[in-house]
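Here is a briefing on one protein model. It covers the overall fold first and a single residue second.

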Amino acid sequence: MTQSKLSGKKIVITAGPTYEKIDPVRFIGNYSSGKMGFALANVCAEQGAEVTLITGPVSQKTTHPNIKRIDVESAEAMYQAALTAFTDADAAILSAAVADFRPASPMDTKIKRESGQELTLHLLPNPDIAAALGCIKKEKQILVGFALETDDEAHHAQDKLKRKNLDFIVLNSLRDKGAGFSHDTNKITIIHKSGESVAYPLKSKQEVAADIVNQLALLLQ
Ligand code: PMT
């Protein structure tokens, strides 16, 4: 078997949504299924990497022995797990759809509906995991982020690439049929910090993961 560039490398992957608790029966979440992140974990593990997969609540399964799975619910828990795992990692790929805000005062009991009354939720900003890892990133560590956009895609992705100190960003747009949340397929453009970009056609998430991992392997030392 040929030695893969990923063999023995420690790779952290975030996947899925985060749930931000409103009360014991309700949360703020999003449509992420975890398929993209789990496909990335499988491809990295198959190429010999030691994967730490930090995932929000999803129904995906992991079977590969090289994948250490950490289940979390909130952005804060994902943030703490990612900070710890990144310390001695060679790379991180951040594919999770992290909630940017959480309710300021989650209730311990179910909020009751008062007839005709409005309800206002006060939201606080969550930590930005990608930006935090971008701040502490050492020279040899590679940081890969995603950008999920609905408009002015390239502009927003480039802004995130710079602001979060990423090595490259994987842009997917909800305007592309079969791309983004829940589908078994995705359509991506990889934008490097050099400004170079590569656009790929619609492919299965396994194939998309392989394209991303190939780009990562080129940067790993
Ligand atoms: O899970 P699937 O159903 O397969 O769907 C895959 C996907 C659409 C979720 C995935 O391909 C994707 O685009 N993931 C990123 C979604 C997202 O939240 O993008 P963003 O543009 O809001 O965030 C930019 C980057 O910062 C991402 O790497 C994100 O993980 C990261 N981030 C964002 C907010 C935050 N508080 N912390 C973060 O780390």
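The notes below go from the whole chain to one serine.

This is a predicted model: local features need pLDDT of at least 70, side-chain atom pairs count only at pLDDT 80 or more, and totals for chains, interfaces and linings use all residues. Residues are numbered from 1 along each chain as its sequence is written, and side-chain values use heavy atoms, without hydrogens and water.

**Fold and dimensions**
- The protein has 5 helices and 14 strands (DSSP runs: H or I of at least four residues, E of at least two, numbered from the N terminus).
- Its radius of gyration is 18 Å, which agrees with the value near 17 Å for a compact globule of 221 residues (C-alpha atoms; rule: 2.2 Å times the number of residues to the power 0.38).
- The C-alpha box along the principal axes is roughly 65 × 35 × 30 Å.

**Packing and surface**
- Of the 221 residues, 44% are buried (under 20% relative accessible area, 1.4 Å probe, protein chains only).
- Of contacts between residues at least 6 apart in sequence, 61% join residues at least 24 apart (contact: heavy atoms within 4.5 Å).
- The exposed area is about 11800 Å², with 51% from carbon and sulfur atoms (Shrake-Rupley method, 1.4 Å probe).

**Serine 173**
- Serine 173 sits in strand β10, residues 168-173.
- Serine 173 counts as buried because its relative accessibility is 6%.
- Its side chain makes a polar contact with the side chain of glutamate 153 at 2.7 Å (N or O atoms within 3.5 Å, one able to donate a hydrogen and the other to accept it; residues adjacent in sequence count only if both atoms are side-chain atoms).
- Leaving aside neighbours within four places in sequence, serine 173 contacts Glu149, Glu153 and Ala179.

Methods:
Buried means under 20% relative accessible area, exposed over 50%, partly exposed in between (1.4 Å probe, protein chains only).
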